[in-house]
Amino acid sequence: MTLQDTEAAIRLASDLIAESDHLVALVGAGLSAESGIPTFRGAGGLWSKVGEPSMNGYEQFLADPAGWWENQLDPAADPARTEFREAIDSAEPNPAHHALAELERMGVLKATITQNVDDLHNRAGSKRLIEIHGNRTKVRCIGCEGRWSRDEFSYDALPPICPKCGELLKGDTVMFGEPIPPSVIDACYREATLCDCIMVCGTSATVYPAAGFPQIVTSGGGIVIEVNPNPTPLSRIAVVTLRGAAGALLPKLVERLRG
Ligand code: NAD
Ligand code: ZN
């Protein structure tokens, strides 16, 4: 893509956003790649290197919650997980996270649905944030959906128990085989239904249900804008694609929308 193509795409995207009533961002691991957090799939992805994790993680948690917590608290138990955590712990929000937070402050962006678990949107100042796969810095009750910072609990006695309802606490990150918490999925569908323009940033759009939200938007007559250096299954339904790194392109979009 030439510089002119990129500039034309930014102009078109910003015009479409300015005309929209309810812009929602759908975000994936690519947005945090420039913060030094590896994606899971594709070139340089963690799973491409170490293989995919167990597909029945939640079942394993329910079968032995204390054993699951012991394993979680032991950095030697899973070196790939530890590498991912260390990358997250040393990461800072990048210009793409700041651009989304700024679009929200400008009143342009109505909600951000992120698949990322790294807390970088919060740290950049996003408020209308739906963390569909949870947040690595938190724990959640499997009964009442209460969420707390991980640091608020001691892990001397395992498994930790919800102080509100007595059910099991687990890491907030949604595991394979685990239902997305009902309040979270409801909020996503509400946004997808209201949305007339969805900006899909840094996701390969292969993990459902998040990958299905753009189709909900287009079925309601809305449009898809994509921000990704690589083609994805969603590229063919996007009215415009910003082909490049989100950290370079989203701030340009903000600049143009500011006028
Ligand atoms: P993915 O790993 O499947 O795909 C990443 C996408 O980002 C690719 O399409 C790639 O082309 C694109 N990309 C790479 N660099 C980019 C950049 N600089 N700017 C914009 N796009 C860029 O990620 P996914 O679709 O989010 O699915 C993986 C799942 O794993 C997610 O659901 C998420 O829960 C989890 N995950 C989270 C993190 C995190 O919290 N940072 C990191 C890895 C994976
Ligand atoms: Zn509870």
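**Figure 1. Helix 11 and its length in this predicted model.** Helix 11 covers residues 246-258, and its end C-alpha atoms lie 18 Å apart. That agrees with expectation, because 13 residues at 1.5 Å a residue should span 18 Å. Just past the end of helix 11 you will meet G259, which takes a positive phi of about 80 degrees.

**Figure 2. The buried residues of helix 11 and what covers them.** Look here for A246, G247, L249, L250, L253, V254 and L257, which are buried in helix 11. In an α-helix, residues three or four places apart point the same way, because each turn takes 3.6 residues. The cover over the buried residues of helix 11 includes three helices to look for: helix 1 (3-19), helix 2 (30-33) and helix 7 (95-105). Strand 7 (197-201), strand 8 (223-227) and strand 9 (240-242) are also part of that cover.

**Figure 3. The second largest pocket and its lining.** This pocket holds about 200 Å³ of space. Its lining has 13 residues, and L129, I130, E131, V184 and A187 are the closest to the centre. Helix 9 (182-194), strand 2 (109-114) and strand 3 (129-131) each bring at least two residues to the lining. The largest share, four residues, belongs to helix 9. By character, the lining of the second largest pocket is made of seven charged, five nonpolar and one polar residue.

**Figure 4. G67 in helix 5.** Here is G67, a residue of helix 5 (residues 65-73). G67 counts as partly exposed because its relative accessible area is 22%, and buried would mean under 20%. F176 is 109 residues away along the chain, and the C-alpha atoms of G67 and F176 are separated by 17 Å.

How values were computed: Residues are numbered from 1 along each chain as its sequence is written. Chains are lettered from A and ligands numbered from 1 in the order in which they are written. This is a predicted model: local features need pLDDT of at least 70, side-chain atom pairs count only at pLDDT 80 or more; totals for chains, interfaces and linings use all residues. Side-chain values use heavy atoms; hydrogens and water are left out. Buried means under 20% relative accessible area, exposed over 50%, partly exposed in between (1.4 Å probe, protein chains only). On a 1 Å grid over the protein atoms alone, a cavity is a set of points where a 1.4 Å probe fits but cannot get out, and a pocket is an open set with protein on both sides within 12 Å along at least five of seven lines; lining residues have an atom within 4 Å of a point. Grid points are joined across faces, edges and corners, and a volume is the space filled by probe spheres set on the points. Ala, Val, Leu, Ile, Met, Phe, Trp, Tyr, Cys and Pro count as nonpolar, Asp, Glu, Lys and Arg as charged, and the others, Gly among them, as polar. The expected span of a helix is 1.5 Å times one less than its number of residues. Contact means heavy atoms within 4.5 Å.
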